[in-house]
Amino acid sequence: MSRDRGPRRLDRGVLAAASVTALSLTASGCVVVRGEKEVLPSATRAEAAKALRQFTTAYNAADKSYDSSLDADRVTGALGAIDAARLKAGRATSPGGNPAHTPLVLSDARITIPAKAGWPRWFVADTAANKGGTARWVFVFTRDGLDDPWAAAYLTLLDPDVVPEFKKDANGWAEAVPANSAELAVPPRYLSKEYVSYLKGGGVKFAPGSHTSRWRAERRRNAERPGLVRQYLDEPLTQGDYAPLALRTADGGALVFFATRHFEKQTAAQGASVPVPNKAVRALTEGEIKQSLTLEFVSNEVARVPEGSGRVEILGRIQGMTSAKGE
């Protein structure tokens, strides 16, 4: 069932309800070339701000018309997968565009740019928005080369008081944590796999919360409902634009952005039928729903991982359905 797909789909239902450009450091006398080994800021602050504006413009255009081609080069990874599927469903159910469109307005942007060597280059934008109440919209923008546009790979909505303070040098640049860092309770490269293992079998690596213990309990309750069997399968996403990205926090730990894929198979008992899905789900469903329906989701999470030992805390998660199959 595993398949890492490139860009596309933000659950704009979540966004509506809750609801950085060429890396040329010539101004400071530095030029970045592919394959360089020197540690340099991933972007200038002006470039990062411009990338955020370009994303917002493209996002609003795509959301208004339900046309994924309008923001295809501004989203990628988990966010891109969620975004594309939601736009596809929206276009199928409302070909004339989004009748409930309200432009997204981002403000009070706090840009955190790590100094690092090699690719991908990336930075974090922590913003306020006109949707989601007081929640902060925390984006990660990435790009793989000088000729690539900056694209948003991760987005989570966080309460302002849980956004951590990042470690920065004298010039205000942050520190990117290597994916294989052994300084953390869980190296970033293994976080997606460990989270999937936790959802299946539990354990003590993750702190209790809405995205850990309470989510597992909700699944158990759903699985026990009479007349409809629910089975769950979870997969890590770790390659390419789904790779985890981590920033050092002031306390020595890290804020880690990572992605996972989830399947939920609903099978009706003999003589019963699977609940009829809504139009959006049907728009993303292949095959005829007779006895079962398998839903596929992509999720992007952000976690606070302590230095040394201790439990990982999942601070936020946005999940969107990307496809379904009827049988």
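**Exercise 1. Strand β5**

Which residues of β5 are buried on one side, and which on the other?

*Solution.* Start with the ground rules. This is a predicted model, in which local features need pLDDT of at least 70, side-chain atom pairs count only at pLDDT 80 or more, and totals for chains, interfaces and linings use all residues. Residues are numbered from 1 along each chain as its sequence is written, and side-chain values use heavy atoms, with hydrogens and water left out.

Step 1. Fix the terms. Strands are DSSP runs of E with at least two residues, helices are runs of H or I with at least four, and both are numbered from the N terminus. Buried means under 20% relative accessible area, exposed means over 50%, and partly exposed lies in between (1.4 Å probe, protein chains only).

Step 2. Read one side: Arg136, Val138, Val140 and Thr142 are buried.

Step 3. Read the other side: Trp137, Phe139, Phe141 and Arg143 are buried too. Both faces are covered.

Step 4. Check the count. β5 covers residues 136-143, and 8 of its 8 residues are buried.

Step 5. Add the background. In a regular strand the side chains alternate between the two faces of the sheet.

**Exercise 2. The sheet around β5**

Find the strand order of the open sheet of 4 strands, then its edges.

*Solution.* Step 1. Two strands pair if DSSP finds at least two bridges between them.

Step 2. Go to one partner. β4 (residues 121-129) pairs with β5 in the antiparallel sense over 7 bridges. Here Asp126 has Val138 in β5 as its bridge partner. The hairpin of β4 and β5 has 6 residues between the strands, and Gly132 takes a positive phi near 90° there.

Step 3. Go to the other partner. β5 and β6 also pair in the antiparallel sense over 7 bridges. Arg136 has Leu158 of β6 as its bridge partner, and Val140 stands opposite Tyr154 in β6.

Step 4. Write the order: β2-β4-β5-β6, with antiparallel pairing.

Step 5. Name the edges. β2 (106-112) and β6 each have a single partner strand, so one side of each is left without a neighbour in the sheet.

Step 6. Give the twist. Neighbouring strands are turned by 25° against each other on average, direction ignored. Axes are lines fitted to C-alpha atoms, for helices over the stretch in contact, and angles run from 0 to 180 degrees between N-to-C directions.

**Exercise 3. Helix α2**

Describe α2 and state where it packs.

*Solution.* Step 1. α2 (residues 45-65) has 21 residues. From its first C-alpha to its last it reaches 31 Å, close to the 30 Å expected at 1.5 Å a residue. The expected span is 1.5 Å times one less than the number of residues.

Step 2. List buried residues. They include Ala48, Leu52, Phe55 and Tyr59.

Step 3. Place the helix. α2 packs on the sheet and touches β2, β4, β5 and β6. Contact means heavy atoms within 4.5 Å. The direction of α2 makes about 105° with that of β5.

Step 4. Look past its end. Tyr66 follows α2. Tyr66 has a positive phi of about 55° although it is not a glycine. Tyr66 is buried, with a relative accessible area of 7%.

**Exercise 4. The nonpolar cores**

Which residues touch the most other members of the largest nonpolar core?

*Solution.* Step 1. A nonpolar core is a set of buried Ala, Val, Leu, Ile, Met, Phe, Trp, Tyr and Cys residues joined through side-chain atoms within 4.5 Å.

Step 2. The largest core has 46 residues. Phe123, Trp137, Phe139, Phe141 and Phe257 touch the most other members.

Step 3. Strand β6 (residues 151-158) supplies the largest share of this core, 6 residues.

Step 4. Apart from it lies another core, of 17 residues, among them Tyr198, Ala246, Val256 and Val305.

Step 5. Take Phe139. Leaving aside neighbours within four places in sequence, the contacts of Phe139 include Leu52, Phe55, Phe123 and Tyr154.

**Exercise 5. Two backbone details**

Where is the cis peptide bond, and which residue of β2 has a positive phi?

*Solution.* Step 1. The bond from Trp119 to Pro120 is cis, with omega near 0°. Pro120 sits in the loop between β3 and β4.

Step 2. Asp108 is found in strand β2. Asp108 has a positive phi of about 50° although it is not a glycine. Asp108 is partly exposed, with a relative accessible area of 44%.
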